[in-house]
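Me: I should like a close look at one part of this protein, the second largest pocket, followed by some other local features that can be described residue by residue. Please give the account as connected prose.

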Amino acid sequence: MSSFALRAARSAARRAPRAAAKVSAKPAQAAAYSILARNAAAASAAPRTAVMATRGVKTLNFAGTEEVVYERSDWPLAKLQDYFKNDTLALIGYGSQGHGQGLNARDNGLNVIVGVRENGESWKQAIEDGWVPGETLFPIEEAIKRGTIVMNLLSDAAQSQTWPKIAPLITKGKTLYFSHGFSVVYKDDTHVIPPPDVDVILVAPKGSGRTVRTLFKEGRGINSSIAVWQDVTGKAKEKAVALGVAIGSGYMYETTFEKEVYSDLYGERGVLMGAIQGLFLAQYKVLRKNGHTPSEAFNETVEEATQSLYPLIGQYGMDYMYNACSTTARRGALDWAKVFEETNLPVFERLYESVKNGTETRRSLEFNGRSTYREDLAKELKEIDEQEIWRAGKVVRSLRPDRQS
C-alpha cells in the first residue's frame, strides 16, 4: 500500500474545492467551529429543527438527540468584565490548564491571581508569564483567602492530598470551580467533599491547556463541557457559562460532573491515547514480523494515518475520508471495521466499568501520589520513546517536506 497516501491526497484534492466552497460560504465563526456548524446545518434540515431558545443559547439536534449548547456570542467582553467586576479569580495550580485558563482570563480583563507553592517550579513559570509575587502571585492558602472564585486546577492527586488544608478556606459565599469531575465524583477515594454553602461548578475544556491558549490567541475558542454540582445562589449555571467564556471557550455543552469524568477517563484510556498506542504498536509488530522495513511499517501505520487520513476525518467526517480513498481501500476498510468493532466492544465495556466503579481512579491516585511519581513516569515514557516504532518515526518525521530547509 505504498501509494495509498498519495491516492488519498489526490482524491481529497479533487474534492477539496467543493468542500472549501461550502465552508467559505459560512460565517467566519461557524467555520472556526466546523463540527458544530455541520451539526447545526444537519439539524436545520431534520424534522426536529435546531432552534435558538435565547440569545447565545441553542438547542441543537445531534443525531436525533436534542442538546443545549451555549456560545460566547452572548458574552461580549464588556458584559463579561462587568459580570465579574467584583470578583477575584484565584487560580490554584499552574500546570497545563492553569497556564492556559489563567492567561486567557487575564487577557479578557478579569481580576486573576495565581496560587502555587512558593518558589517551586510552577512559581517560577508563573513569574515568566508575567504574574507578580505579592500582587497577582501568592502561596496557595493566601490566594484562596483573597479569591471569591476558587479555581482548583491542581492535578487530581494533588487535589486529594491538599484538600484538608484547602477545605477550611472555602468559606461561605465563595464559588468552587473545577475543570474535571474527578475529585468530587470519587469523593470516597479522594475525600474531597465541598462545603454545603458554596456554588460548585465545572468548566472542562475538551483539550489540553496549551490548546486552550493557542485557540484563544488565534481568535477562536475551544469546546468545553459545563456542569453544576451544587447551586446555592441559583446562579451557578450562569456563572459556569460566563467562566467558560472567560477562560477561552467558544461553545459549551451541558453535562454532569459524573458524565464528564466518566467520558474523560474512558476516552483517554480508549481511542484518544491508550487504544491508539496499542493499535499502532500491534499493527507495526505484525508488519515487521512479516518482513516489512521499519520505515514502511511506520509509514503504513502512523504517518499515513496522522498526516493524510485523520485530518480528513477531523475536518470533514469519516464518510469523506472513505470517499477520498481507493475502491480497494474502501472495501477492505468497511469489511474490517465491523471485525474491529465486534472484537473491541467487550474491551471498551470492561474499560467503562473500570472507570465507573472507581478502579481507574484508585490506580491513578496510587501511582500519581507516589513520592517517586516523576521518576516512575519518566521510566515508562522512556520505554515508549525507545520502542522501534517511535525511533523509526523520528527519522520519518525528519523527512517531511515541512522539516526540510
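Reply: The account below takes the pocket first and then turns to a helix pair, a glycine in a loop and a covered helix.

The model is predicted. The second largest pocket holds about 1600 Å³ of space. Its lining is made up of 41 residues, and those closest to the centre of the pocket are Gln283, Tyr310, Tyr322, Ala333 and Phe340. Five elements each give two or more residues to this lining: helix 1 (4-24), helix 14 (274-289), helix 15 (294-316), helix 16 (318-323) and helix 17 (327-356). Of these, helix 17 gives the most, with 13 residues. By class, the lining of the pocket has 25 nonpolar, nine polar and seven charged residues.

The helix pair consists of helix 5 (residues 96-107) and helix 11 (residues 209-217), whose axes come within 6 Å and cross at roughly 25 degrees. Because angles under 35 degrees count as roughly parallel, helix 5 is roughly parallel to helix 11. On the side of helix 5, the residues that meet helix 11 are Ser96, Gln97, His99, Gly100, Gln101, Leu103, Asn104 and Asp107. Helix 11 meets them with Gly209, Arg210, Val212, Arg213 and Phe216. The contact between the two helices has three nonpolar, seven polar and three charged residues.

The next feature is a single glycine. Glycine 147 is found in the loop between helix 7 (140-146) and strand 7 (149-152). Its relative accessibility is 1%, and glycine 147 therefore counts as buried, the cut-off for buried being under 20%. Not counting residues up to four places away in sequence, glycine 147 touches Thr88, Ala90, Ile113 and Lys174. Asparagine 111 lies 36 residues from glycine 147 in sequence, and the C-alpha atoms of the two are 9.5 Å apart in space.

The last feature is helix 12 (residues 236-246), which is mostly covered, with nine of its 11 residues buried. The buried residues are Ala236, Lys239, Ala240, Val241, Ala242, Leu243, Gly244, Val245 and Ala246; a lysine, Lys239, is thus listed among them. Just after helix 12, glycine 248 takes a positive phi of about 110 degrees.

Key:
Residues are numbered from 1 along each chain as its sequence is written. This is a predicted model: local features need pLDDT of at least 70, side-chain atom pairs count only at pLDDT 80 or more; totals for chains, interfaces and linings use all residues. Side-chain values use heavy atoms; hydrogens and water are left out. Axes are lines fitted to C-alpha atoms, for helices over the stretch in contact, and angles run from 0 to 180 degrees between N-to-C directions. Helices (H or I, at least four residues) and strands (E, at least two) are DSSP runs, numbered from the N terminus. Angles under 35 degrees count as roughly parallel, over 145 as roughly antiparallel, 65 to 115 as roughly perpendicular and the rest as oblique. Contact means heavy atoms within 4.5 Å. Ala, Val, Leu, Ile, Met, Phe, Trp, Tyr, Cys and Pro count as nonpolar, Asp, Glu, Lys and Arg as charged, and the others, Gly among them, as polar. On a 1 Å grid over the protein atoms alone, a cavity is a set of points where a 1.4 Å probe fits but cannot get out, and a pocket is an open set with protein on both sides within 12 Å along at least five of seven lines; lining residues have an atom within 4 Å of a point. Grid points are joined across faces, edges and corners, and a volume is the space filled by probe spheres set on the points. Buried means under 20% relative accessible area, exposed over 50%, partly exposed in between (1.4 Å probe, protein chains only).
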